[in-house]
Every structure is written in structure tokens, then in C-alpha cells.
Amino acid sequence: MVVSGCTEQTMKYLSLLSQQFPNQQAAFTEIINLQAILNLPKGTEHFMSDVHGEYEAFMHILNNCSGVVREHVDLIFEDMGAQERADLCTLIYYPHEKIELVRSERKDSPTWYKTMLDQLITVARKLSSRYTRSKVRKAIPHDYAYIIDELLHTHPDENNYRVRYHERIIDSILETDSTEDFICSLAELIKRLAVDHIHLVGDIFDRGGGASKIMDRLERCHAQRLDVQWGNHDLLWMGAAAGEPACVVTVLRNNLRYGNYEILENDYGISLRGLVAFADRTYAPGEAISPLIKAINVLLFKLEGQIIARHPEFDMEGRLLLDKMDLEAGTVELEDGTWPLVTRDFPTVDAAHPYELTCEEREIVDKLVAEFRASDHLRRHVNLLYSNGSMYLASNGNLLFHGCVPMNEDGTFSAMNCMGTWKSGRDYLDFCDSIARRAWRDGDQEALDWMWYLWIGFKSPASGRLVKTFERAYIEDKSTWSEPMDPYFTLTREEGPCDAIMREFGLYAGGHIINGHTPVKTVQGEQPIRANGKLLVIDGGFCSAYHPATGIAGYTLISSSRGMRIKAHEAFKSVEEAITRNADIQSETTSFEPHEQRIMVSDTDTGDVIRGQISDLRQLLDAYRSGLIAEHRAE
């Protein structure tokens, strides 16, 4: 049915829209507001990857906004001494702790508090000038929203009444002993305004022990300020939380190897007592591998073997090695020869049925799976990964994913058998996204098996390497440890393959591929900017274990209205050093693609959305004016 050029579906939509904008005045007021937003500078985006549980370093990067806060403070207070500027920055980063230090040194005079409040308001006012007043209000911590809004819009050059009003508000804050809370609220606002959006390009979990704390912090981010592109370590934890046994055992193995007992037991309530007791009574001590790791290794290779047997399309038969062992000789047969094992202690491996769990092993695995599935804290974190995450994201002309788009040596996209249908390129990544969500939603065996493959498979877009877990666990000769990588990682050092990937995802060659996964070894001359700027690899080694290999301690890619730049961070010392000595993370900046004219909201994906909203509102205005929809008074 069509009514005066409008379809029935359009009329239903406009009727719903009229509930939000009940008359012409409301509609054109919103149009004016949206048109104004289009002409503001785009918000600053920060991209990070592979934080791997390094909580303190990650939090400091969030607190100092990758050095952006210091840049603004230095610019605004260029006539202020370096020590005073450093003190102000530390107050913004760690307000509670800095105030406590000042108090302990008996420097917390009313004059100090008033000076700090004035300086914080000046910084917040400067940063807020890039946004609409409505957006700033939404960013202000709720408890002091009205007062901060008033202070941000009172300028020293206004008439005396307004200035006195401003001063009286400050005096009242001091008189009511609410200064510390107010300072903390201003510091939080400054950090929210300095970075408009955070992109985490995978691998929040494993290696460092603070992933749970990082996820707790990310829960406090507004949904519109955060997105995550799942890394293989994230997908591993997502699979474990969904109840996939091989993922559960791999999570245990990873964290025990890095000494992260706390995240398992204290943060997520996963008890290891039954597993430890089983290992101690089953496996021999006194070898290079502990009884606990021996038990976990065998559980893992049995469970992996069962998945491989169920899925010949994974093409992973070469990873079935338990049946290739000769325990009498103490060797294992690989494709390139026979190699000695570091242990012959495999008491639960039945040569006739090497991939079957014993009854006791099955009982232990079932109990561990139940504990992972029952952990409310973990479930909350995984829900966040699903609600704010995806396999890839196209954003403002850039393509974000953690690992790779699987490719063949000739530069074509590698096809994968996806439950009977061969998929490649974007279709394959869409399938991976869908199957990961199905695993969490339905928990069926096939979807759960795919979660394990996404963690470790050679053609997994989150992995893209032939992982040699068995060789690294049981063979001393490191020549067997080499892990071939998907051709993507070599091909994308040139522009042509990068352009082909961008086209595959419907993007223009002027954008960038942004990923992590493979640490950039700056000590060996590697650079994060590749293929003439078309590929940006931002894994700079947040994890302390990678610092010797990378030579730095993480990257932040910053995209602002003035262009893009990469900051290479030095290692973070400690929160105590930051508070007592103003020890900030030092960062080396590499700028590229500066823009002569600032990028505005109208040039972004948000601008496209706003133009669509304006078009809808114009249709609503026409419907009001033609009488198709009746106007109502605003309530």
C-alpha cells in the first residue's frame, strides 16, 4: 500500500519517529543540531592491540590517553614550570592517589585545592570545545553534572557577575569538603574528552595476569566508546566460557605456564585442586616438565585429537602425534624425521586408543568445564566481548582485524570448508563471526569445535600459523618449533594485496588495514607502517615477556581530526613511581598522513549516519506539513 508516495513501511517508521519528535519544531530543532554536529572536528580514536593482561601498563595508557593529556597540558600551560605541569598530569591520571600523597606531605591547603580545580576546569573547557554541549553533558560524571556543566561554560572574560558566580561555586566546593570527589570527576571527564573512541584490536587475555582487571575496567566504558576485534587468545577464553573442553584445558595451560594462578582461582573461581591432586599421584616428579603440566599436556592433546578426528575439513591430521610416539625408545616420529622426547612419562596414554580420556581424566575435564561455565565473573566479561566485539570492523574507511585474511601464495583468498560450503575472504570472516556467536548462544558441539579451530587453526583469521604445541612441549631441539605463517603476513608487505583486501571488504584503497597479532621487532629493524602506509601492525609488545624482542612496550595508533600518528611506548615502571615521581610512560611519536584541513564529523561513518537521520527527519517534516501525520504538543 502506498500513501502519497510513502510506502506503508515508511509510514510506520515515520509514525514511530514522531513519538520522539512530536511536532515540526522538535523535528527542525534536531535537524539544526545534527547539521551543526557535522561541522565539528571528528573525535580522536585510539587503537591498541595485544595488551595480554598487562593491567598496570594498560591502565596508565588509558589514564594518560597515550600521552595526549600531557600534550594538551603542555600546550595550555606553556608558561607553567615543567614540574607543575607534571604534577597536574599525574593528578589527572591518578587523582585519588595524588591527593593522598599531597595530604601526607601536608601540602593540601585550600590554595592548592583551588589552584588544581581552576587548572582542571581550564583543561576540561579546552577539550570540551570540540564537542556539542549535549555530548559533553553525557560524558560528565553524573554526581556533579550540573555544577561541572556550569563551570565549563563560564569564561574568565565574561561579565563580573558570571565570574563571581564561577568563583562562588569553587568556594562552595571547598567549604563542603567535596573537593576530592570533584577533582576525581573532573579528571575522569578530561580523560573521556581526550579520547572519543577506543579500538582494541584483539588479545586482551593470557600471558600477563591482569586480564580480568582490564575487562572490569572496560565494563565501565560506554558502549559507544569501545569496540574489540577478537584475537585468538580472546576466542580461546570465549570458547572456554562456552564449555569447549580443549579451550578450557588450553586456558589452564597458558596461564599456568606464565604463573597466572590468580586469574584462574581468585578472579574467576576456577579450582585446580582436583587437577593438581590427580597430576601428583599420576605423573613422576623430578623432570623438566612438572607433573601438573604433564597432566594438562596429555589432556589437551587427547581433546585436540578428538576434535581433529571429528573435522577432517580442518586438515590437521599432521597434529596427531600421541600415536606417533615410541615410549620404549623415547622418541616421536614427525614428518621430517624421528626426534627424542624430553620425557617418557605418559601413564594415561593407551597405545591402542591414544586419544581416549581415562575415566578419571573425563571426570576432571567435566568438572573444569562446569566451573568455567558457572563463573559469573567470566560470563560477564565474555558477554562484553560479544556485545562490543566482532571478527573484524570497517570503521571510517579503515579495516580492523586481529590476525589475517587467509591467502594463497598467489595472492588469492584461501578457501575454507565451512560446514559443507567453501568460503573465502570476507564471507569466511563473516562465517567465523557467526559460528562464534552460535557457540555462545547455542553451545552445540560443532560450533564449540570451531571455537578451538579459531584459536589455533592455520586458516583461522585470528591465528594464521601452524602451531607446534606438541613439539614445544616435548622436543628439546628448537628446529622443530618453527611455525609457518599464512602467506598473508608476507604478501601484505606490498601494496597490491592490501588493496585487494580493502576491495574485498568494500573499502577504498585510501584507508588502512589495522591489525596486531605479530609483534613488531623494532630491534631487528621492523616497522609498524608497511606497504607504503596501507598496513599498520600495532602489536608493539605490551606483554613484558615480549619487550626484549620488540624493543618497546606497546603501540598506540592515534587518529584525530589532524591526521594519524603512532606512539611507541617505553616500559611502564609502576603506579607508585608515577605518583611519587611523576614517572610517565615516555613515547616516541611517528606522524603520517597529516591533513591540511581538519577531518570533520561529516567525513566519518558517524557523518553518514547523521545524514541519514537528517533525511528521515526531513521526511517527517514533510509528513507533518502535508497532514499525513498529526502533530502533538511536546510533553
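**Group meeting: cavity, pocket, sheets and helices**

Okay, let's start inside: the lining of the largest cavity is made up of Phe301, Glu304, Arg319, Leu320, Leu321, Leu322, Tyr355 and Phe470. Before I go on, keep in mind that this is a predicted model. That cavity has a volume of about 40 Å³, and the search gives a count of 1 cavity of 30 Å³ or more. How do the lining residues divide into nonpolar, polar and charged? You get 6 nonpolar, no polar and 2 charged. As for the idea behind the search, rolling a probe the size of a water molecule over the atoms shows where empty space is left.

Next, the pockets. I'll talk about the second largest pocket, with a volume of about 1,100 Å³. Its lining takes in 44 residues, and the ones that lie nearest its centre are Arg207, Arg465, Arg472, Glu483 and Tyr546. Sorted by type, the lining of this pocket has 15 nonpolar, 13 polar and 16 charged residues. Where does that lining come from? At least two residues each are supplied by helix H13 (232–242), helix H14 (245–257), helix H17 (291–310), helix H21 (445–456), helix H22 (469–474), helix H23 (488–491) and strand E16 (535–537). H14 provides the largest share, with 4 residues.

Let's stay with H14 for a moment, and look at how H14 and H21 sit together. The usual way to put it is that two packed helices are described by the angle between their axes and the distance between the axes. Here the axes of H14 and H21 cross at roughly 35° and come within 9 Å. On the H14 side the contact uses Ala246, Cys247, Thr250 and Asn254, and on the H21 side Met451, Trp452 and Trp455. Those contact residues split into 5 nonpolar, 2 polar and no charged.

Now the sheets. One of them is an open sheet of 7 strands with mixed pairing, and its order reads E9-E5-E4-E3-E17-E18-E19. Why is one side of strand E9 (389–390) and of strand E19 (587–592) left without a neighbour in the sheet? Both stand at the edges, and each has a single partner strand, so there is nothing in the sheet on the other side. At the E9 end, strand E5 (residues 226–229) pairs with E9 in the parallel sense, over 2 bridges. If you want to find that spot on screen, Val228 has Gly389 in E9 as its bridge partner. There's a helix on this sheet too: helix H3 (residues 55–64) lies across strand E3 (45–48), strand E4 (197–200), strand E17 (555–560) and strand E18 (563–569), and H3 runs at about 165° to E3.

Then there's an open sheet of 5 strands, again mixed, in the order E10-E11-E14-E16-E15. Its edge strands, strand E10 (392–395) and strand E15 (529–530), each pair on one side only. Further in, strand E11 (residues 398–401) and strand E14 (residues 513–515) are parallel, with 2 bridges, and Leu400 sits opposite Ile514 in E14. Helix H24 (residues 495–504) lies across E11, E14 and E16, at about 95° to E14. You've met E16 already, by the way: it is among the elements that line the second largest pocket.

One more bit of strand pairing. Strand E7 (residues 331–334) and strand E8 (residues 337–340) run antiparallel and are joined by 4 bridges. How many residues lie between E7 and E8 in this hairpin? There are 2. Within the pair, Val332 stands opposite Trp339 in E8.

Last topic, charges. Side chains of opposite charge can pair when their charged atoms come close. Over the whole structure the search finds 36 salt bridges. I picked one to show you: Glu100 with Arg103, where the closest N and O atoms are 3.1 Å apart. Both residues belong to helix H6 (residues 95–104), and they are 3 residues apart, about one turn of the helix.

That's it from me. Over to you.

Definitions and conventions:
Residues are numbered from 1 along each chain as its sequence is written. This is a predicted model: local features need pLDDT of at least 70, side-chain atom pairs count only at pLDDT 80 or more; totals for chains, interfaces and linings use all residues. Side-chain values use heavy atoms; hydrogens and water are left out. Two strands pair if DSSP finds at least two bridges between them. Contact means heavy atoms within 4.5 Å. Axes are lines fitted to C-alpha atoms, for helices over the stretch in contact, and angles run from 0 to 180 degrees between N-to-C directions. On a 1 Å grid over the protein atoms alone, a cavity is a set of points where a 1.4 Å probe fits but cannot get out, and a pocket is an open set with protein on both sides within 12 Å along at least five of seven lines; lining residues have an atom within 4 Å of a point. Grid points are joined across faces, edges and corners, and a volume is the space filled by probe spheres set on the points. Ala, Val, Leu, Ile, Met, Phe, Trp, Tyr, Cys and Pro count as nonpolar, Asp, Glu, Lys and Arg as charged, and the others, Gly among them, as polar. A salt bridge is a side-chain nitrogen of Lys or Arg within 4 Å of a carboxyl oxygen of Asp or Glu.
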